[in-house]
Amino acid sequence: MRKSIIISVGMLSCILSASADNPFVQTCFTTDPAPMVHDGTLYVYTGHDEDGADFFWMQEWRVYSTKDMVNWTDHGSPLAIEDFSWGDDRAWAPQCVERNGKFYFYVPLHSKLTGAMAIGVAVGDSPTGPFKDAIGKPLVDGDWAYIDPTVYIDDDGQAYLYWGNPEIFYVKLNDDMVSYSGDVNVVEQTVEGFGAPSPKLREKDKKYKDNYTEGPWFYKRNGKYYLLYAAGGVPEHIAYSMSDSPTGPWKYMGEIMPLCDTGSFTNHCGVAEFKGQPYFFYHTGKLPKGGGFARSIAVEPFEYNADGTFPTIMPTEEGAKAVDTLNPYDRVEGETMAWSNGLKTKQNAQTGVYVTDIHDGDFIKVANVNFMSGGPKTFEARAASGLRGGSIEVRMDSIGGPVVAELPVTGTGGWETWQTFKTSCKSEVPGVHDLYLLFKGRKGPELFNLDWWRFE
Ligand code: FUB
């Protein structure tokens, strides 16, 4: 993908600005963000649009995390279609929730058993997996409307699973989170509950009896239940309904993210509160080569109105502000980034996730790095190169900022033959800075892969 990216002046200034955080994953296309807060970390579960796709031919789900809302760590793909023996296509919008120390990962995918869509559930012991199919069969199966699961565990312990396009279904999950009691319920979509159909609906979208289209996001706050969803057919905006009960009746409350220039005809939202701040996640087509089948996740901080209703939220390039700093004296994974240019990530069993596709001029920005009062003495990084390597220029505050360290990386005899390289720092850098790892080397070939770095 990177070879054909032409960076315009506007794009470059967006990349280089300290607050340009959306879309907040640049190493691949990511979709349908589902946030989950656990143990001081915010995780986002996503789908993955393949490069060059002409439909939602999606193969895997991915996980990203942050502790500061500006630097995101790529945890790779802990779950894919092949983890479900009964699934064969369309790894669409997921959500993961925790209960009693187990993590339940709900996903829609195409079922070999019925030839239609189904919803499966995988379970793991950590938010980043590994996950495995919890029951060896779909939870629900056999309807093209069975997509986009969302799960919420109410205060009384009852968990609800909502899903559907263009219908809205729900079941009451049992305490095991992998089975349900009673029937599959269909929510009656009245205009009062979900809004009037858009007059702009295309003839073929007239099946949308009202505003609701897909991508429900269900939760409770201050005693009120919220159902957010993609609305209006194609293209989609985000709207919501509220209720005093987890199963309705619902009252249509209006738009949250109106139709606007997102570059994607779908939208899909998730909401989480982290360190006291509510965040609205959604997707756009705003990366280079992005579009309707090449989407990217984004986030906006917001405040609820005093009565618990939503403000209008518009997409921005700035995204979230930092809520913490990053410690450069701890080992920092290469795949922890506020922004990157030209890079991809890969994963394997030994190394986990690492940064690859590194060429001359590519870079990683890490934001809000706290060097504290002292100046670092050395910079080290673990890298591997099947060719001749290159170097890492560590720059402060901007891509053209002062060079604090220059680390030569030689060939190591293989792209996964890792070696730790170390160099002295050129100057002291107390305080909080944005850090740029600028990769240098011969023009053309890949230089090396990067596993982690740290200062001493
Ligand atoms: O990502 C595939 C599908 O596109 C999702 O399931 C829908 O919500 C829409 O975002």
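In this predicted model, the ligand is surrounded by ten residues that fall into three classes: three are nonpolar, three polar and four charged. The shell consists of Asp32, Met58, Trp92, Ala93, Asp148, Glu214, Thr266, His268, His283 and Arg295. Each of them has a heavy atom within 4 Å of the ligand. Met58, Trp92 and Ala93 make up the nonpolar group. The charged group is Asp32, Asp148, Glu214 and Arg295. Thr266, His268 and His283 count as polar.

Three members of this shell place polar side-chain atoms against ligand oxygens. For Asp148, the distance from a polar side-chain atom to a ligand oxygen is 2.5 Å. His268 has a side-chain N or O atom 2.8 Å from an oxygen of the ligand. In Arg295, a polar side-chain atom sits 2.9 Å from a ligand oxygen. On its own, the ligand has 270 Å² of accessible area, and the protein covers 99% of that area.

A separate element of the fold is an open sheet of five strands. Their order is β25-β28-β33-β30-β31, with antiparallel pairing. The edge positions belong to β25 (339-341) and β31 (403-409). Each edge strand has a single partner, so one of its sides is left without a neighbour in the sheet. From one strand to the next, the twist averages 20°.

At the β25 edge, the partner is β28, which spans residues 363-370. The two strands run antiparallel and are joined by three bridges. One residue pair can be named here: asparagine 341 has phenylalanine 363 of β28 as its bridge partner.

How values were computed: Residues are numbered from 1 along each chain as its sequence is written. This is a predicted model: local features need pLDDT of at least 70, side-chain atom pairs count only at pLDDT 80 or more; totals for chains, interfaces and linings use all residues. Side-chain values use heavy atoms; hydrogens and water are left out. Two strands pair if DSSP finds at least two bridges between them. Helices (H or I, at least four residues) and strands (E, at least two) are DSSP runs, numbered from the N terminus. Axes are lines fitted to C-alpha atoms, for helices over the stretch in contact, and angles run from 0 to 180 degrees between N-to-C directions. A polar contact is a pair of N or O atoms within 3.5 Å; within protein, one must be able to donate a hydrogen and the other to accept it, and residues adjacent in sequence count only if both atoms are side-chain atoms. Accessible areas come from the Shrake-Rupley method with a 1.4 Å probe; for residues, only the protein chains shown count as cover.
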